[in-house]
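Reader: I am new to this structure and would be grateful for a close look at a single part of it. Please take the sheet as the subject, and then follow the description outward to its surroundings.

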Amino acid sequence: MTALHYLTIAEAAAKLRSGEVTSSELVEASLDRIAETDGTLNAVITLLADEARAMAAQADGEIADKRWRGPLHGIPIGHKDIYSTAGVRTTCHSRLLAENVPAEDAETVARLKAAGAIVVAKLATHEFAFGGPSYDLAWPPARNPWNPEHVPGGSSSGSGAAVAAGLCAAAMGSDTGGSIRSPAGLCGIVGLKPSYGRLSRRGIYPLSWTQDHAGPMTRTVEDGALMMQALAGYDALDPASVDAPVPDFAAALKRPVAGLRLGITRSWYAEAADAETCALIDGVADALRGAGLEVRDIDLPDVRDFHACGRIVILAEAYGIHRPTLAAAPEKYGQFFRDRVRLGAFVSAADYLAALRVRRQLTDATLAAMAKARVDVLLTANQYGPAEPFADSQTTFPFFKKPYLTMPFNVTGMPALTVCAGFSASGLPIGAQLAGRPFEDDTLLAVGHAYETARGDLGRRPPI
Amino acid sequence: MTKDITIEEFDGVLARAGLVVDAAERARLYEGYKGLQTLLARLPQDSAMEAELATVALVPGAKVVR
């Protein structure tokens, strides 16, 4: 029998509705799990035990009174600590905002609250979603529950560790160059970076306005769909929000995927990824072929071009955001963040405009290549291998190493979904990345769900 | 775009950017600056002859066509 803290949202919602379990029991299981593991994991910045217990009691009363709000009602979740939470400190994992208590919830926080989800904790991140993993901040870096000597990925590091280890059923992350998908892949969970414009970013501390995405991190694709149902929708106060119809994401999971065409972007990773990763990506393709998809290779623009373009945009925009405080109080930032963001000072206006222009060209070229190859969904590696040890992570500028395989979909704004492809011989998870056409998040989730169904339960939990 | 500048030349870059840094930061940013040049080198340098997307106000309901 699955422990309460490892129930998926779908499983917990069914038990809540039938009265088999209460929200108070789920929240206590979550709090117990935090107490048991977070001394090692460092996933939690702010624990909201009293608030969560009060909300759970309210949820139990509502559910008993036949006022069930939906599958998130009474479910314990967490938020990356760049999401504004009314009356609860929102630190961005930085001394600069250690005492910051927002007056309002981020729009996504408010939507999840309205759906009945219960926030048990604000979760660790790289400083301002960019500077980490760092040891010179007010809180230590989150650790990987599969092996705490290894990084959990970032920047939604606490969200990845917390969901994987059962500290909460789901968490919100943010993704500007891969910050949802990186920890999802390295922690063995599911991470969705939706289409740009699908979810509001209002109230989430920005890193790069034109590439920031909000998104859910869950233990199954089905749970990701349930989160998306509550999260998606137009927000007139987010300039990037798109007023597009919101599909029934859960219903989309039941759609047949046979006949869809899957394109593997092997040229992006085959030479640089380790053999285990390449074999596991092939395994994902085989599973989807078995589910009825037609599988073929596809040539897309060079991943190094996506990486360069996206990184230059991030550096310029992040520097634009932080320049005043970097000048006034540089000592309040950690070294990694300070050094990385300062590179933005060397990006000229002409460079930035060139990057924006290239971004449009890369987006057009990607969609044209998919159309020409008659491909509906892309498959690629999420990273080049499993999580690295912390000792190897202390690099000031990691983005000058291999190009990030997640960056192309921040550049194009296409929805991208990370799923667990399997495990390395060392017992660490390895992710695979699926991507769809803009605003076809529902199709992407359907393919991800088909993969998980074909793959079956991997039958592993973090040893912590 | 200048590549392979010396660290003394880099001091001019720091000054133009208005950054005041200590010696250790100067050394790290010098390495970062060189890395940044490799990214910038991947951007085409040709001028944009075609119309760029307008980012100013659009008539309500207007569609952007590339």
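Author: The account below begins with the sheet, turns to the loops, and ends with the second chain. The model is a predicted one.

Chain A contains an open sheet of 11 strands, whose order is 1-3-2-4-6-5-10-11-9-7-8 and whose pairing is mixed. The edges are held by strand 1 (44–47) and strand 8 (294–297) of chain A; each has a single partner strand, so one side of each is left without a neighbour in the sheet. On average, and with direction ignored, neighbouring strands of this sheet are turned by 30° against each other.

At one of these edges, strand 8 of chain A pairs with strand 7 (residues 261–264) of chain A in the parallel sense, over 4 bridges. Within this pairing, Leu262(A) has Val295(A), in strand 8 of chain A, as its bridge partner. Elsewhere, helix 3 of chain A packs on the sheet and touches strand 1, strand 2 and strand 3 of chain A. The direction of helix 3 makes about 160° with that of strand 3 of chain A.

Strand 11 (residues 429–436) of chain A deserves particular attention. This strand is mostly covered, with 8 of its 8 residues buried. As a general matter, side chains in a regular strand alternate between the two faces of the sheet. In strand 11 of chain A, Pro429(A), Gly431(A), Gln433(A) and Ala435(A) point one way, while Ile430(A), Ala432(A), Leu434(A) and Gly436(A) point the other way. Both sets are buried.

Two pairings of strand 11 of chain A can be followed residue by residue. With strand 9 (residues 377–381) of chain A, strand 11 pairs in the antiparallel sense over 5 bridges, and here Thr380(A) stands opposite Gln433(A). With strand 10 (residues 416–423) of chain A, strand 11 is joined by 7 bridges, and these two strands also run antiparallel. In strand 11 of chain A, Leu434(A) is the residue that stands opposite Leu417(A). Strand 10 and strand 11 of chain A form a hairpin with 5 residues between the strands, and in this hairpin Gly427(A) takes a positive phi near 90°.

The loops of chain A have backbone features of their own. Several belong to the loop between strand 3 (118–123) and helix 5 (157–164) of chain A, where Pro133(A) has its place. A cis peptide bond joins Gly132(A) to this proline, with omega about -5°. Ser155(A) is found in the loop between strand 3 and helix 5 as well, and the peptide bond from Gly154(A) to Ser155(A) is cis, with omega near 15°. Phe128(A) is another residue of that loop. Although Phe128(A) is not a glycine, its phi is positive, at about 50°. Phe128(A) is buried, having 26 other C-beta atoms within 10 Å.

Lys66(A) also has a positive phi, of about 60°, although it is not a glycine. Lys66(A) lies in the loop between helix 3 (49–64) and strand 2 (76–80) of chain A. Unlike the buried Phe128(A), Lys66(A) counts as exposed, because it has 6 C-beta neighbours inside 10 Å and a residue with 12 or fewer is classed in that way.

The description now passes to the contact with chain B. The secondary structure of chain B comes to 2 helices and 0 strands. Of the 66 residues in chain B, 12% are buried. The contact between the chains takes 19 residues from chain A and 19 residues from chain B. On the chain A side, the elements that give two or more residues are helix 10 (303–328), helix 11 (335–342) and helix 12 (349–372). Helix 12 of chain A supplies the largest share, 6 residues. By class, this side of chain A has 10 nonpolar, 1 polar and 8 charged residues.

Leu29(B) offers a view of the contact from chain B. This leucine lies in helix 2 (residues 23–40) of chain B and is buried, with 27 other C-beta atoms within 10 Å. Residues up to four places away in sequence aside, Leu29(B) touches Asp339(A), Arg342(A) and Val21(B). From Leu29(B) to Leu43(B) there are 14 residues in sequence and 21 Å in space, C-alpha to C-alpha.

Technical notes
Residues numbered from 1 in each chain as written. Chains lettered and ligands numbered in written order. Predicted model: local features only at pLDDT ≥ 70, side-chain atom pairs only at ≥ 80, totals over all residues. Contact = placed C-beta atoms within 7 Å. Nonpolar A, V, L, I, M, F, W, Y, C, P; charged D, E, K, R; others polar. Buried ≥ 20, exposed ≤ 12 C-beta atoms within 10 Å, placed from the backbone. Pairing = 2+ DSSP bridges. Axes fitted to C-alpha atoms, helices over the stretch in contact; angles between N-to-C directions.
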